Amino acid sequence: MNIIIENLRKNFGEKTAVNINQFEIPSGQILGLVGNNGAGKSTLFRLMLDLIKADEGRVLMGSTDVSQTEEWKSWTGAFVDESFLIDYLTPDEYFQFVARISGTPDEEYQSFLARFEHFMAGELIGQNKLIRNLSAGNKQKVGIVAAMLLRPKVLILDEPFNFLDPSSQSAIKNLLLEYNRETGATILVSSHNLQHTVDISPRIALLENGVIIRDIDNADGKAQEELENYFKITD
Amino acid sequence: MNKWQLYKLLRKQDNLRNERHPMFEKNRFMKFLGWFMFLYYAAILILLGVVMPAGLSGEYNGVAAFHVIDGFFLWVLFVDFWIRFTVQETPAQTVKPYRLLPISRKFLMHVYLTRSGFSGGNMFWWFFLVPFGLLAVMPLLGWWSFVGWLLGWWMLCIANGFFYLFVRALCMRHLAWVLLPVLVHGGLILLMLLPEKNCLDMPCTEFMYQFALGNPLAFLAGAALIGVGYYANFTLQSGMSYNEVAKKEEIKHASKMSFLNRYGAMGEYLKLEIKLRLRNKQVRTGFFVMLGMMVFFSAMLYFTDIYDGTFMKSFILLYNYVGLGTMTLVGIMCYEGNYIDGLMSRRESIFELLRAKFYFNSALMLIPLVLVFPLTYIGKISVWMNIAYFLFTIGIIYPGVFQLAVYNNNTLPLNQKLTGKQGNATQQIVAMVVLFLPIGLERLSVWLMGPVWGYAPMMALGLAGICTHKIWLRNIYKRFMNRRYVNMEGFRASRNS
């Protein structure tokens, strides 16, 4: 599923949070989104998920304007922050809830869940622990797994490497690459971790004050240097 | 920084914590309502303080008015105690942010207990006591007696405040501790009401009189009560503040509620409704308190004749029906504000959620239906009246209250007590309408059509609302979606995280 951003503007008072004229993410691409704090990464994701209203412009998933219908929600998975989690459920209950309200048979989602066993490290399933009592890292894992659970065509993850231990960071990188290869899903990942972003994204968008100032081709894996130079300069 | 400076800093931050709470900051109406209610009750107390001395002198020949009031001081303390549940937090909750700072834990606890003791709330009764004392105590016994009498009352209010804090802290461990004041107060009330002559009247009057006479033993007794309360709280709450920091919940057995699986996605939303009530302290406490009130009022109606008037019967019946469902539904979607982004990223989830809420809250109405049955059996409430209120609540009151789903956009904390900062103007107005309008309609209908047929319109309207529930729920859902950006912004802004 391709994504098209057209003349998208969002201001918070005087501050411009997002200002993108035209940007297209082809179907099946992994796009890394980087930028300093306040650059507009999370706001852009929220606009793409129709969680905030754009002042101007629109986001199309395929030919669907996300602000006009709810159709796209069936094929989109996302995790932006804890407000995506129902924290008085256990992880098992939450996964079951997400799967069943979408009409996914239990066997199907459970067999898919088995792929995440290494990532979840035995700390989420069958624990009888409410999500609100999990560590920040484990909450992050619940959010990521739930976003991928329905095998979406579009996957949006805001800072997925945050709070994760090194082995989980490595695990999620592999899971995302494998998922993309297998399903051809379009994946958008924002991160402050340049190394991880470069490792998984053949294309990287650099955001500054809401504007995509560089659209970096990382097919050869050489974006790291350009990004390091940019972030050193702004320092 | 010396301890006095630190005390002032903590006091300032405590005030800011309340003033800048996202929920309170956003809600000008509640600020206005808070001040309005304060001034309203203060004015009533001042008025009573001015008129009662003369009134009581006429009523109780030969007995000084202040002796009469002193005889009622236990009742005043009971009221004072229960009112505190709506307005006062415990120190264990307030010291939590300071635990990692280099401030002595004991000092923190002393600061907050001292603040609780000397808070303005403990002087609220002064609006009554000062004018009353000036008119009833001072002319008879002089200035110093008035001051001593006033100090006596104040000391008892402070001690009562500490008793409240103690109970409140225990209730945070387990709600069953609420039975402690129920038993203490209930026992004292029985002692006052059951014997032919109130056996606590004279001791109470005499005890308060000793304050007016300046008897040091009375002040010593008052100080002892405060000291015991202070020490008990210090010991209990110091331990509790650790619990606040290291709060852990582990559910022993996560019920699968598999009987709801047959309803597909709807079943999942129904499970969510049930778990919302069972696993979140704020929601659960509200639910059980309402249930307790329903049982209490129904029992009063069953066993006594004090509520046998037509209006009170209707009011208690209506209260039973709106207590469990409607009073929670006034804040519909506010708890969901905590995870609204997750819900909004699922297709039509809000519509399914609204349906589940309707079914769940309709099923809840079976509780009052059964609870009122003994009252219908003894003839205090007719079967028609009971069924009419049952249907009217589900078919008419619910569609009305569900409209708030379109406009509510203030997130309510699920597991944290938030005293005095809940609700907004619309919610308060709807709650008041729900509590009184149906009684007016019922009375009018019965007056026009008699005690049997008078309930037919309520039943017919209720059934119509029930039969068309999918239509009006769909309409609410569409309007919610049209307002979604405003609502989501509101939920985010008032989320306490």
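Here is a short chat about the predicted model above, covering the chain contact, a helix pair and the nonpolar cores.

Trainee: Which helix of chain B supplies the largest share of the side that touches chain A?
Mentor: Start with the contact itself: 26 residues of chain B meet 25 residues of chain A. On the chain B side, α14 (264–279), α18 (340–344), α19 (349–364) and α27 (484–494) each give at least two residues. The largest share, six residues, belongs to α14(B).

Trainee: And how many residues on that side of chain B are charged?
Mentor: Sort them by class. You get eleven nonpolar and four polar residues, and the charged ones number eleven.

Trainee: Are α22(B) and α24(B) roughly parallel or antiparallel?
Mentor: Look at the axes of α22 (residues 383–402) and α24 (residues 425–449) of chain B, which come within 11 Å and cross at roughly 150 degrees. Angles over 145 count as roughly antiparallel. The two helices, α22(B) and α24(B), are therefore roughly antiparallel.

Trainee: What class of residue makes the contact of α22(B) with α24(B)?
Mentor: From α22(B) come B:F392, B:I397 and B:V401, and from α24(B) come B:V430, B:V434 and B:P438. There are no polar and no charged residues in this contact, and six are nonpolar.

Trainee: Which helix gives the largest share of the largest nonpolar core?
Mentor: That core has 131 residues, and those touching the most other members are A:Y94, A:V98, A:A146, A:I156, B:V401 and B:F402. Leaving aside residues up to four places away in sequence, B:F402 touches B:L329, B:I332, B:L354 and B:I476. The largest share of the core, twelve residues, comes from α22(B).

Notes:
Residues numbered from 1 in each chain as written. Chains lettered and ligands numbered in written order. Predicted model: local features only at pLDDT ≥ 70, side-chain atom pairs only at ≥ 80, totals over all residues. Contact = placed C-beta atoms within 7 Å. Helix = DSSP H or I, 4+ residues; strand = E, 2+ residues; numbered from the N terminus. Nonpolar A, V, L, I, M, F, W, Y, C, P; charged D, E, K, R; others polar. Axes fitted to C-alpha atoms, helices over the stretch in contact; angles between N-to-C directions. Parallel < 35°, antiparallel > 145°, perpendicular 65-115°, else oblique. Core = buried A, V, L, I, M, F, W, Y, C linked by C-beta atoms within 7 Å. Buried ≥ 20, exposed ≤ 12 C-beta atoms within 10 Å, placed from the backbone.
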